[in-house]
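Subject: Structure for your files

Hello,

Here is the structure I said I would send. My notes on it follow below.

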Amino acid sequence: MPERTSAGTTPWPPEFATRYTAEGYWAGRSLGALLGEVAGSDAPCLVDRGLRLSHRELLCRADGAAARLHALGLRPDDRVVLQLPNRWEFLVVTMACLRLGIVPVLALQGHRKQELAAVAGHAEARAIVTAGTVRGFDHEALAHEVAAGSATVEHVLVTADELAAGSLDLRALCRPATGPLPPVPEPDGTAVALFLLSGGTTGAPKLIARTHNDFAYMVRRAAEICGLGPDSTYLAVLPLGHGFPMTAALGTVLAGGRVVLAGSPAPEGAFALIDAERVTMTSLVPAVVQRWLDHRAADRRHDLGSLRLIQVAGSKLPEDVAARVTPVLGGVLQNGYGMGEGLFCLTRPDDPAEVVCRTQGRPISPADELRLVDDRGRPVPDGEPGILLTRGPYTPRGYYRAPEKNAQAFVDGWYNTGDVVRLRPDGNLVVEGREKDVINRGGEKISAEEIETFGRAAGAREAAAVAMPDAELGERICLYVTGTRLELPRLRAAMREAGAATFKLPERLVHVDALPFTAVGKVDKKALRADIAARLAAEQRRAG
Ligand code: AMP
């Protein structure tokens with residue numbers, strides 16, 4: 001029997017829970033109930049290519065899906081893995097889960113067998129919900145492969161024009177309800193609403209259990225700061241499996257606004273949608289901002305005049321790029337910094353340009369607490385950069401069923417972000433770097449340790465993965481190796497074979513006689529990062 005979800009979580013201590021409730025951060029309501037309350041209108045709510053649904057129609061489909069999930073035997077607190085592209089079914093099935101108290105686990109499109117099997121296993125998922133073939137990859141076959149190797153997955157639900165044997169038809173499941181919701185009690189506010197995945201510092205993604213109380217608060221507070229309301233149209237171009245765009249999409253629905261789905265962040269399609277749908281807000285990562293800026297310089301056909309807010313987070317937006325956003329794309333830039341683990345910082349729409357371009361904003365909640373420490377955990381002097389620890393009403397106190405990881409990542413209930421930040425006197429925070437061994441490839445986080453394990457398994461004697469600077473994605477993965485002459489295509493093929501996510505495949509391999517070490521005997525990654533930067537600069541000079 002799968003364990004109850006709550007058994008694997010670390011609750012907030014009672015004094016914090018009491019305070020967050022008393023001060024109004026926690027509403028004690030389920031997200032499903034909140035979504036139900038705002039859904040009475042015929043105002044438009046969801047646009048996906050030819051499909052347009054009103055708030056009432058979206059809820060009706062979500063409730064139809066909830067009833068059919070229930071008929072399949074799925075019950076409140078069961079976990080279901082979702083691996084879906086930005087299509088209407090994603091929002092419908094997410095809402096269906098929230099309405100019924102089923103806990104969706106949001107996997108990323110780039111995840112392959114290794115991650116999906118680990119996530120489904122760790123969550124003891126009873127179903128996988130996926131698409132057919134997306135960008136040439138057969139997600140349906142992957143889901144069946146994972147299900148076959150799983151002790152708990154009983155159902156594979158698929159949205160596709162033709163279904164393979166054994167798949168259940170997700171589109172049929174998402175038809176409008178024909179009766180009332182199954183009679184299940186509303187989940188408690190402290191129950192887990194959904195799982196986000198952390199790219200994190202170690203191999204398999206960690207599961208971040210977000211409760212109804214905490215996630216609903218974050219979503220509604222962020223929406224309030226962004227000024228979302230019935231007249232807002234949010235364009236979802238980033239994959240909704242990420243907490244960042246999902247927060248804005250759910251916030252838009254809860255605010256009575258409209259969500260437009262884009263299949264990819266490519267500017268050609270996104271600009272056409274902004275123009276046609278009079279989009280007012282979108283969320284981007286810096287790599288996408290850069291593409292949009294470049295594209296706009298070459299192609300001014302579309303009217304982007306409806307854009308009011310362009311939210312950017314996920315990795316650091318260079319100041320010079322930030323300064324070009326409003327002049328080139330229009331709207332106000334909102335700089336942000338956040339994580340699936342909770343804390344969300346944003347600049348405010350009326351902040352001066354200096355704050356918006358130079359900082360990553362300030363916490364969205366007055367109850368967010370920040371502490372900056374040095375590498376021995378001692379507080380750093382005011383204004384100095386330090387490793388950021390945080391706790392607050394929407395930052396959980398531990399990963400799901402992960403006592404060992406929690407012992408490292410949480411210090412007395414404070415989440416150690418592993419990011420190095422500076423706090424300005426005006427309360428805004430500037431991300432200066434990071435202490436954790438992670439590569440941030442265009443917003444996707446990759447554990448260096450995991451890539452190194454692959455490198456050694458493929459024949460390297462020693463391996464060290466570092467970020468190499470990249471104009472397009474900010475960072476790409478470079479692996480330093482010693483020993484046998486491992487070739488990059490062979491390593492990538494071996495990783496693919498092992499079922500690693502596509503975004504984890506290294507893009508450069510550097511052979512060295514020996515790795516550099518620090519005085520305490522750790523691989524000197526700083527030296528390696530400097531080395532690869534110097535190699536790239538030299539190559540660029542040679543290329544002319
Ligand atoms: P995720 O949970 O995938 O959103 O990753 C969270 C991590 O992304 C943070 O801990 C940071 O390392 C990084 N991150 C997010 N936003 C920014 C930003 N604006 N600047 C630099 N790093 C960022």
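I start with one helix, H11. Its buried residues are Pro286, Ala287, Val288, Val289, Trp292, Leu293, His295 and Arg296. Please keep in mind that this is a predicted model.

Helix H11 covers residues 286–298, which is 13 residues. From its first C-alpha to its last it reaches 19 Å, close to the 18 Å expected at 1.5 Å a residue. What do the buried residues of H11 pack against? Their partners are two helices, H10 (267–277) and H12 (319–329), and two strands, E14 (281–284) and E15 (309–312). As a general point, an α-helix has 3.6 residues a turn, so residues three or four places apart point the same way.

Helix H4 spans residues 88–100 and also has 13 residues. Its reach from first C-alpha to last is 19 Å, close to the 18 Å expected at 1.5 Å a residue. How many of the residues of H4 are buried? The count is 13 of the 13, so H4 is largely enclosed by the rest of the structure. Just after H4 comes Gly101, which takes a positive phi of about 85 degrees.

A single residue I looked at is Thr252, found in helix H9 (residues 243–254). Is Thr252 buried or exposed? Thr252 has a relative accessible area of 0%, and because buried means under 20%, Thr252 is buried. Setting aside neighbours within four places in sequence, Thr252 is in contact with Leu228, Ser232 and Tyr234, and also with Gly257, Arg258 and Val259.

Now the protein as a whole. Its secondary structure comes to 17 helices and 28 strands. The radius of gyration is 23 Å, close to the 24 Å that the globule rule gives for 544 residues, so the protein is as compact as a globular protein of that length. The C-alpha trace spans about 70 × 55 × 55 Å along its principal axes.

Buried residues make up 57% of the 544 residues. Among contacts with a separation of 6 or more, 69% are between residues 24 or more positions apart. The accessible surface comes to about 21,700 Å², and 52% of it belongs to carbon and sulfur atoms. As for charge, the protein has 63 positive and 65 negative charges, and their mean positions are 2 Å apart.

Regards

Notes. Residues are numbered from 1 along each chain as its sequence is written. This is a predicted model: local features need pLDDT of at least 70, side-chain atom pairs count only at pLDDT 80 or more; totals for chains, interfaces and linings use all residues. Side-chain values use heavy atoms; hydrogens and water are left out. Helices (H or I, at least four residues) and strands (E, at least two) are DSSP runs, numbered from the N terminus. The radius of gyration is taken over C-alpha atoms; the globule rule is 2.2 Å times the number of residues to the power 0.38. Buried means under 20% relative accessible area, exposed over 50%, partly exposed in between (1.4 Å probe, protein chains only). Contact means heavy atoms within 4.5 Å. Accessible areas come from the Shrake-Rupley method with a 1.4 Å probe; for residues, only the protein chains shown count as cover. Lys and Arg count as positive and Asp and Glu as negative; His and the chain ends are not counted. The place of a charge is taken as NZ of Lys, CZ of Arg, CG of Asp or CD of Glu. The expected span of a helix is 1.5 Å times one less than its number of residues.
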